[in-house]
Amino acid sequence: MYLRAFCFAGLLVSCLAPWRVLAITPKPIVHDTAFAQLSSKVDQQPGKFVQFESKDSLHGITATANSVTVMQGGTYLIVASSQVTATKDGGCLDAWIVLNGQGVKNSGVRICQAKAGNTNVVVSQLIMKLKKGDTIQVKTSGSNALLDSIAPTGKPLIPSIIFTMWGLF
């Protein structure tokens with residue numbers, strides 16, 4: 001005699017004998033997922049914390065002009081996408097994630113552009129455990145470059161930064 005078991009559509013079935021079948025239905029897992037989508041419609045000079053005056057979508061996370069605070073501990077995906085334009089040839093900009101006032105290791109990104117007017121998006125992303133009350137910010141430094149917002153005629157705004165956070169719990 002041998003044991004046969006399989007999982008199908010959330011139902012675990014074990015067949016110990018042809019006449020005995022045990023079925024167990026697991027409890028559904030319900031998450032009240034926390035998320036934030038923030039952006040900025042203004043140009044920003046490096047050397048400061050990035051500003052988010054547009055709170056596009058928020059749930060379970062609070063946001064100020066330059067930070068977000070988690071209301072529930074857990075694992076979070078954090079993505080900061082900065083649109084960087086060189087104001088002079090050779091313009092460079094660094095960006096990184098800050099947790100409770102301290103730079104997060106291995107979260108930094110750098111972009112250097114050969115020609116003034118060149119625009120590119122640079123992305124810093126990470127997954128990390130956060131505790132209730134932890135605060136996240138984005139910091140920049142650099143020269144001859146800025147976070148650039150563009151308002152094309154008849155099209156949606158291209159923000160200088162889009163910041164996304166999602167609780168994976």
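In which strand does C112 lie? In this predicted model, C112 belongs to strand β11, and that placement is a useful way into the structure as a whole.

**The chain overall**

The chain is built with 15 strands and zero helices, and 38% of its 169 residues count as buried. Among contacts between residues at least 6 apart in sequence, 68% join residues that are at least 24 apart. The chain exposes about 10,000 Å², and carbon and sulfur atoms supply 58% of that area.

**The disulfide**

How many disulfides does the chain have? The count comes to one disulfide, formed by C92 and C112, whose sulfur atoms are 2.0 Å apart; a pair of cysteine sulfur atoms is counted as a disulfide when it lies within 2.5 Å. Because C92 sits in strand β9 (residues 91-99) and C112 in strand β11 (residues 109-113), the pair ties together parts that are 20 residues apart in sequence. The torsion about the S-S bond of C92 and C112 is about 120 degrees, and the disulfide is therefore right-handed.

Are the two cysteines buried or partly exposed? C92 is partly exposed, with a relative accessible area of 21%, and C112 is also partly exposed, with a relative accessible area of 46%. Since buried means under 20% relative accessible area, the value of 21% places C92 in the partly exposed class.

When neighbours within four places in sequence are left aside, C112 is in contact with G91 and C92. C112 can also be related to G142, a residue 30 places away in sequence, for which the C-alpha to C-alpha separation in space is 9.3 Å.

**A buried serine in strand β4**

S39 lies in strand β4 (residues 35-40), and with a relative accessible area of 7% this serine is buried. What does the side chain of S39 make a polar contact with? The partner is the side chain of D56, at 2.8 Å. D56 also appears among the residues in contact with S39 once the neighbours within four places in sequence are set aside, and the others in that list are F52, E53, S54, P159, I161 and I162.

**A methionine in a loop**

M71 is found in the loop between β7 (68-70) and β8 (74-86), and at 42% relative accessibility this methionine counts as partly exposed. Beyond its neighbours within four places in sequence, M71 is in contact with G60, I61, T62 and K132. M71 and A34 are 37 residues apart in sequence, yet their C-alpha atoms are 8.2 Å apart in space.

**A nonpolar patch on the surface**

Which residues make the nonpolar surface patch? F35, I127, W166 and L168 make this patch, which covers about 380 Å². One of these residues, L168, lies in the segment after β15 (161-167), and L168 is partly exposed, with a relative accessible area of 35%.

**Accessibility side by side**

The table gathers the residues discussed above with their relative accessible areas.

| Residue | Relative accessible area | Class |
|---|---|---|
| S39 | 7% | buried |
| C92 | 21% | partly exposed |
| L168 | 35% | partly exposed |
| M71 | 42% | partly exposed |
| C112 | 46% | partly exposed |

Read together with the text, the table sets buried S39 in strand β4 beside partly exposed M71 in its loop and the two partly exposed cysteines that form the disulfide.

Definitions and conventions. Residues are numbered from 1 along each chain as its sequence is written. This is a predicted model: local features need pLDDT of at least 70, side-chain atom pairs count only at pLDDT 80 or more; totals for chains, interfaces and linings use all residues. Side-chain values use heavy atoms; hydrogens and water are left out. Helices (H or I, at least four residues) and strands (E, at least two) are DSSP runs, numbered from the N terminus. Buried means under 20% relative accessible area, exposed over 50%, partly exposed in between (1.4 Å probe, protein chains only). Patches are made of residues with over 30% relative accessible area and no salt bridge: like charges are joined within 9 Å, nonpolar side chains (Val, Leu, Ile, Met, Phe, Trp, Tyr) within 5 Å. Accessible areas come from the Shrake-Rupley method with a 1.4 Å probe; for residues, only the protein chains shown count as cover. A salt bridge is a side-chain nitrogen of Lys or Arg within 4 Å of a carboxyl oxygen of Asp or Glu. A polar contact is a pair of N or O atoms within 3.5 Å; within protein, one must be able to donate a hydrogen and the other to accept it, and residues adjacent in sequence count only if both atoms are side-chain atoms. Contact means heavy atoms within 4.5 Å.
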